[in-house]
Amino acid sequence: MNEVVNVLARTVAEAAALVPQPLPVPYGMLAELTHRCPLMCPYCSNPVELDRRNAELDTQTWLRVFEEAARLGVLQVHLSGGEPTARRDLEEMIRHCVKVGLYTNLITAGVGVTPERLQAISEAGIDHVQLSFQGATAEVTDHVSNFKGAHERKLAVAGEVRRLGIPLTVNSVVHRANIHQIPDFIELALKLGARRIEIAHAQYYGWALRNRGALMPTRDQVFLALDVVEAARERLKGVLTIDAVVPDYYAKYPKPCMNGWGRQSLNVTPSGKVLPCHAAETIPDLDFWNVREHSLAEIWQASPAFNAFRGTDWMPELCQSCERKEKDWGGCRCQAMAIAGDAAATDPACHKSPLHAHLLALAEADAAAGVVDYDYRRFSTPDRAQ
């Protein structure tokens with residue numbers, strides 16, 4: 001009898017496996033409105049080749065994209081760049097997002113935002129502001145961003161955001177020049193009345209990969225920082241939410257990048273390409289469909305780029321047989337491309353990868369070299385002036 005039951009159970013399981021599973025619904029969208037930015041951060045996560053102003057989507061196309069995102073199931077949209085306030089139509093976009101039921105988060109460097117502009121953004125209905133700080137002090141912020149006076153301008157913007165009653169998140173990208181300031185970042189967030197702080201270790205793709213030698217902290221610095229974050233989380237529970245992104249180069253397991261490729265979120269670039277993750281364009285030969293030619297739903301469901309690494313069927317044997325395959329979702333495809341030269345390879349951040357020791361050796365060599373000069377992300381004069 002037991003044998004019959006087991007056979008039936010296997011038959012049902014095998015039949016279920018043949019039935020196509022419904023696609024997950026994205027709940028978040030990063031809308032990169034422009035690549036124009038007043039800062040020159042050496043860890044910039046935007047692609048090496050930036051979209052020019054004349055290639056940016058027009059207002060009406062963005063409004064259509066926001067409508068399609070809401071119909072697709074997206075709940076929150078992150079208005080980013082570059083510097084999104086460089087778009088004069090930002091307030092119109094915010095109003096439209098509110099109209100179609102999208103929660104709006106403005107991700108800004110803050111250095112060019114006047115009180116009058118913030119007032120207009122608030123009146124348009126913005127739900128949240130995420131303000132970047134390159135350092136917890138003026139010396140570090142101004143040096144890393146290569147913008148004199150940036151820190152003081154950010155402090156002023158933070159104060160104005162809180163005066164307007166808009167929830168505030170402080171964002172700090174952590175690397176060798178500021179990792180010692182993590183306690184100061186946390187105190188800064190408290191002082192500014194932020195509800196949340198993101199402490200995100202630099203991720204080494206694109207421009208940041210160029211500067212890895214000048215950005216990579218030591219292993220001891222990283223693990224001390226993790227201890228500091230955990231202690232602060234316990235101490236400030238209920239007061240300040242602390243999110244932390246660990247650097248992959250010192251990890252044991254890969255991060256579930258975007259919680260799985262094509263599972264929960266999507267990115268729209270200034271020129272309209274739709275990406276499964278922010279750095280996906282570092283993978284050659286992927287075909288990224290554009291909102292100028294396709295609806296967001298078509299792209300999410302059928303585009304070659306989104307289906308390239310969706311689910312688990314694409315995984316190499318090392319990942320296929322791993323008990324964490326639906327927890328890590330294969331880790332980061334862009335990192336596999338950067339280190340292994342193959343986007344379908346096991347993420348070298350995983351300790352099971354044959355390249356894991358190589359990844360750690362790269363980190364240790366960079367940290368030991370002590371390079372201090374940055375290759376700043378520079379924009380041409382016409383683009384920066386517009």
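These legends walk through a few views of a predicted protein model.

The model is predicted, so local features need pLDDT of at least 70 and side-chain atom pairs count only at pLDDT 80 or more, while totals for chains, interfaces and linings use all residues. Residues are numbered from 1 along each chain as its sequence is written, and side-chain values use heavy atoms, leaving out hydrogens and water.

**View 1. The overall fold.** Count along the chain and you get 17 helices and nine strands (DSSP runs: H or I of at least four residues for helices, E of at least two for strands). The C-alpha atoms fit a box of roughly 75 × 50 × 45 Å along the principal axes.

**View 2. Cysteines without a bridge.** How many disulfides does the structure hold? Zero; a disulfide would be a pair of cysteine sulfur atoms within 2.5 Å. Take C37: its closest cysteine sulfur sits in C41, 6.3 Å away, so that's too far for a bond.

**View 3. Tucked inside.** Is C97 buried or exposed? C97 is buried, with a relative accessible area of 0%. Buried means under 20% relative accessible area, exposed over 50%, and partly exposed in between, using a 1.4 Å probe and protein chains only. Across the protein, buried residues make up 53% of the 386.

**View 4. Contacts across the chain.** Look at contacts (heavy atoms within 4.5 Å) between residues at least 6 apart in sequence: 73% of them join residues at least 24 apart.
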